[in-house]
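Reader: I would like a close look at one part of this model, the nonpolar core, followed by an account of how the elements around it are tied together and where the backbone and the surface deserve attention. Please take the time to connect the pieces.

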Amino acid sequence: MAACTRRLDKYIFSLRLLRNVQLQNERFLSTSLCRLAAESDDERPAKFISPSKPEIIDEIQALIPQRKFLSPEFIPPRQRINPFKFYIERKDMIRRRNVIDIPEFYVGSILAVTMADPNASGKTNRFVGICIQRSGKGLGATFVLRNVIVKQGVEMCYELYSPRIQNVEVLKLEKRLDDNLMYLRDALPKYSTVDPNMKLVPISSIGEVPVNKMKVRMRPKPWSKRWERPKFNIQGIRFDLCLTPEKMEEAQKWAEPWHEYDLLKEYDTSKLEEQILCEVKEGMNKSKEPS
């Protein structure tokens, strides 16, 4: 009985061995046939197609609102004027902004302006300087850049919407303590010196614009204006280094304190700014839509 069971076990083992060999032969034949069929269809191997790059969406960045900015020349002055005139000018200003990118900048920002110049060697002229003044309304808006080149102060006054301007680049976006920096003409040259090959400082479109609280040191008098008088309300000059206390006390005699209580001197333009900002955004978006 034991001999019969041993023979039966050997027979079952041999059957299993044959079955495994048969399965391996079938798998080899199937893979070889598939390879031969693929080679017959196309002799060259298929090109490798790289997967598409994943799109990284910063959800936190999308939730943070962008900084709102309306260029000051869009706000009409408070006078008895025809509002239709400024409406037509705004349309022309939006058309010009669709042709050239006019970025956000303030008095105190460092700009690089490229302008068409028929007398230059390359027919263009690039000037780098600090913005010391913004003035004018509508299409007549202007800004002044100042730089010290070879120990000589150079100022360039540009019309913001001039067709000769080819590019306006903000190298450093910042504000100053004052809205007018014309007193840099009477300050030491180092406060107006900007490297013509200055590299771009990264600009963030979120949050407040940084304020440069630097105070300049003036040259000895005479100055172009009496900057110490209260009507200028200058915050960015170190008067303690250039004027005596007696001179400062004398300058206070020219104060006009009644302007503080003049309710008609300035008017609230918040609603008007929101209305004009929406109008400008609509005009810019229409130009970007495909025709």
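Author: The largest nonpolar core has 51 residues, and those that touch the most other members are F143, Y183, L184 and W227. Several elements feed this core, since α3, β1 (110-116), β2, β3 (142-149), β5 and α5 (270-288) each supply at least two residues. In soluble globular proteins, nonpolar side chains tend to be buried together. The model is a predicted one, and its confidence is therefore worth stating beside the core: the mean pLDDT of the protein chain is 83, with 78% of the residues at 70 or more. Confidence is highest in β3, at 96, and lowest in helix α2 (residues 59-63), where the mean is 53.

Taking F143 as a point of entry, and leaving aside its neighbours within four places in sequence, one finds it in contact with F105, L111, V113, C131, Q133, R134, M156, C157, Y158 and L160. One of these contacts, R134, also belongs to a charged group, for salt bridges are found in this model as well.

A search of the whole structure finds 11 salt bridges. One of them joins R126 and E169, whose closest N and O atoms are 3.8 Å apart. This pair links distant parts of the chain, with R126 in strand β2 (residues 124-135) and E169 in strand β5 (residues 165-172), 43 residues apart. R126 counts as partly exposed because its relative accessibility is 43%, and E169 is partly exposed as well, with a relative accessible area of 27%.

Side chains of opposite charge can pair when their charged atoms come close. A second example is the salt bridge in which the side chains of R146 and E155 meet, at 2.9 Å from N to O. Here R146 counts as buried, because its relative accessibility is 9%, whereas E155, at 27%, counts as partly exposed. A further salt bridge brings together the side chains of K172 and E174, at 3.9 Å from N to O. K172 counts as partly exposed because its relative accessibility is 31%, while E174 counts as buried at 8%. Beyond such pairs, E73, R97 and R134 are joined into one network by salt bridges that share partners, and R134 is the residue already named among the contacts of F143.

The wider layout of the chain gives these details their setting. The protein chain holds five helices and seven strands, and from the N terminus on its elements run α-α-α-β-β-β-β-β-β-β-α-α. Among contacts with a separation of 6 or more, residues 24 or more positions apart account for 67%. Of the 291 residues of the protein chain, 29% count as buried. The protein chain exposes about 22000 Å², of which carbon and sulfur atoms supply 55%.

On the surface, F84, Y87 and I88 form a nonpolar patch, with about 280 Å² of accessible area together. Y87 is found in helix α3 (residues 83-99), and α3 is also among the elements that supply at least two residues to the core. Y87 counts as partly exposed because its relative accessibility is 35%. E208, in the loop between β6 (175-176) and β7 (211-212), is exposed, with a relative accessible area of 75%. E208 and R67 lie 141 residues apart in sequence, yet their C-alpha atoms are 7.4 Å apart in space.

Some backbone details in the loops remain to be noted. K123, which lies in the loop between β1 and β2, has a phi near 65°, a positive value in a residue other than glycine. K123 is exposed because its relative accessible area is 52%. V150 likewise has a positive phi, of about 55°, although it is not a glycine. V150 lies in the loop between β3 and β4 (152-159), and it is exposed, with a relative accessible area of 77%. Finally, the peptide bond from K221 to P222 is cis, with omega near 10°, and P222 is found in the loop between β7 and α4 (245-251).

How values were computed. Residues are numbered from 1 along each chain as its sequence is written. This is a predicted model: local features need pLDDT of at least 70, side-chain atom pairs count only at pLDDT 80 or more; totals for chains, interfaces and linings use all residues. Side-chain values use heavy atoms; hydrogens and water are left out. Patches are made of residues with over 30% relative accessible area and no salt bridge: like charges are joined within 9 Å, nonpolar side chains (Val, Leu, Ile, Met, Phe, Trp, Tyr) within 5 Å. Accessible areas come from the Shrake-Rupley method with a 1.4 Å probe; for residues, only the protein chains shown count as cover. A salt bridge is a side-chain nitrogen of Lys or Arg within 4 Å of a carboxyl oxygen of Asp or Glu. Helices (H or I, at least four residues) and strands (E, at least two) are DSSP runs, numbered from the N terminus. Buried means under 20% relative accessible area, exposed over 50%, partly exposed in between (1.4 Å probe, protein chains only). A nonpolar core is a set of buried Ala, Val, Leu, Ile, Met, Phe, Trp, Tyr and Cys residues joined through side-chain atoms within 4.5 Å. Contact means heavy atoms within 4.5 Å. pLDDT is the predictor's confidence in each residue, from 0 to 100.
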